[in-house]
Amino acid sequence: MANGENGSSRVAAAAPLDPAPGHWASLSPHDRSLMSPAQQRDFRLIAASRLFAPAFYRNANPDVAAGGGSPLVHYVLAGARQRRDPHPLFSTAYQRHPGC
């Protein structure tokens with residue numbers, strides 16, 4: 001009996017999932033070229049840490065949202081240095097200067 005003749009339906013194979021936003025594989029070669037090896041390492045560590053919330057970062061930083069690029073790339077290249085917070089439960093200023 002061919003599939004579907006007995007009333008069952010065949011489920012099509014799912015397409016591969018897109019990498020999560022901020023995932024290294026999802027970056028364009030241009031975005032990758034903007035980062036030094038140390039920044040590339042930071043990007044991977046931050047993406048894996050779950051301490052970066054892209055929607056929060058865009059909402060808290062309208063200039064990032066207007067730019068349309070990867071919020072995590074922005075954070076790695078400029079946001080951390082500018083003491084922008086990557087997550088509502090993470091303070092960049094405190095992490096850079098604990099106890100102050």
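How many helices and how many strands does the secondary structure of this chain come to? The answer is six helices and zero strands, and I should say at once that what we are looking at is a predicted model. If you follow the chain from the N terminus, the elements run α-α-α-α-α-α. There are 100 residues in the chain, and buried residues make up 24% of them. As for how the chain meets itself, among contacts with a separation of 6 or more, 40% are between residues that stand 24 or more positions apart.

Let me begin with helix α2, which covers residues 37-49 and therefore has 13 residues. From its first C-alpha to its last, α2 reaches 18 Å, and this is close to the 18 Å that one expects at 1.5 Å a residue. Just after α2 comes Arg-50, whose phi is positive, at about 65 degrees; please keep Arg-50 in mind, since this residue returns later among the contacts of His-87.

Next, the charged pairs. In general, side chains of opposite charge can pair when their charged atoms come close. The structure holds two salt bridges, and I will take them in turn.

One of them joins the side chains of Arg-41 and Asp-42, with 3.0 Å from N to O. Both partners are partly exposed, Arg-41 with a relative accessible area of 48% and Asp-42 with 29%. Asp-42 is found in helix α2, and its C-alpha is 7.0 Å in space from the C-alpha of Val-76, although 34 residues separate Asp-42 and Val-76 in sequence.

The other salt bridge is formed by Arg-84 and Asp-63, whose closest N and O atoms are 3.0 Å apart. Arg-84 lies in the loop between α5 (71-79) and α6 (92-96), while Asp-63 belongs to helix α4 (residues 62-67), so this pair ties together parts that are 21 residues apart in sequence. Are these two partners buried or partly exposed? Arg-84 has 18% relative accessibility, and because the cut-off for buried is under 20%, Arg-84 counts as buried; Asp-63, at 43%, counts as partly exposed.

That brings us to α5, a helix that is mostly covered, as seven of its nine residues are buried. The buried residues are Pro-71, Leu-72, Val-73, Tyr-75, Val-76, Ala-78 and Gly-79. Val-76 is the residue we met a moment ago across from Asp-42, at 7.0 Å between C-alpha atoms, and Tyr-75 will appear again in what follows, as a partner of Thr-92.

Thr-92 is found in helix α6, and at 3% relative accessibility it counts as buried. Which residues does the side chain of Thr-92 reach through polar contacts? With the side chain of Tyr-75, Thr-92 shares a polar contact of 2.9 Å, and the side chain of Thr-92 also reaches the backbone oxygen of Arg-84 at 2.7 Å. If we leave aside neighbours within four places in sequence, Thr-92 is in contact with Tyr-75, Ala-80, Arg-83, Arg-84, Asp-85 and Pro-86. Arg-84 therefore has a place in two parts of this account, since it forms the salt bridge with Asp-63 and its backbone oxygen is reached by Thr-92.

The loop between α5 and α6 is also the place of His-87, and His-87, at 16% relative accessibility, counts as buried. Its side chain reaches the backbone nitrogen of Leu-89 at 3.0 Å. Not counting residues up to four places away in sequence, His-87 touches Arg-50, Leu-51, Phe-52, Ala-53 and Phe-56, and here is the return of Arg-50, the residue with the positive phi just after α2.

I will finish with the largest pocket, in which about 200 Å³ of space lies. Twelve residues line this pocket, and the closest to its centre are Asp-42, Ile-46, Tyr-75, Ala-80 and Phe-90. Which elements give two or more residues to the lining? They are α2 and α5, and α2 gives the most, with five residues. Two residues from earlier thus come back at the pocket, namely Asp-42, which takes part in the salt bridge with Arg-41, and Tyr-75, which is one of the buried residues of α5.

Notes: Residues numbered from 1 in each chain as written. Predicted model: local features only at pLDDT ≥ 70, side-chain atom pairs only at ≥ 80, totals over all residues. Heavy atoms only, no water. Helix = DSSP H or I, 4+ residues; strand = E, 2+ residues; numbered from the N terminus. Expected span 1.5 Å × (residues − 1). Salt bridge = Lys/Arg side-chain N within 4 Å of Asp/Glu carboxyl O. Buried < 20%, exposed > 50% of the residue type's maximum accessible area, 1.4 Å probe, protein only. Polar contact = N/O pair within 3.5 Å; in protein donor to acceptor, adjacent residues only side chain to side chain. Contact = heavy atoms within 4.5 Å. 1 Å grid on protein atoms, 1.4 Å probe; cavity = no way out; pocket = protein on both sides within 12 Å on 5 of 7 lines; lining within 4 Å. Points joined across faces, edges and corners; volume = space filled by probe spheres on them.
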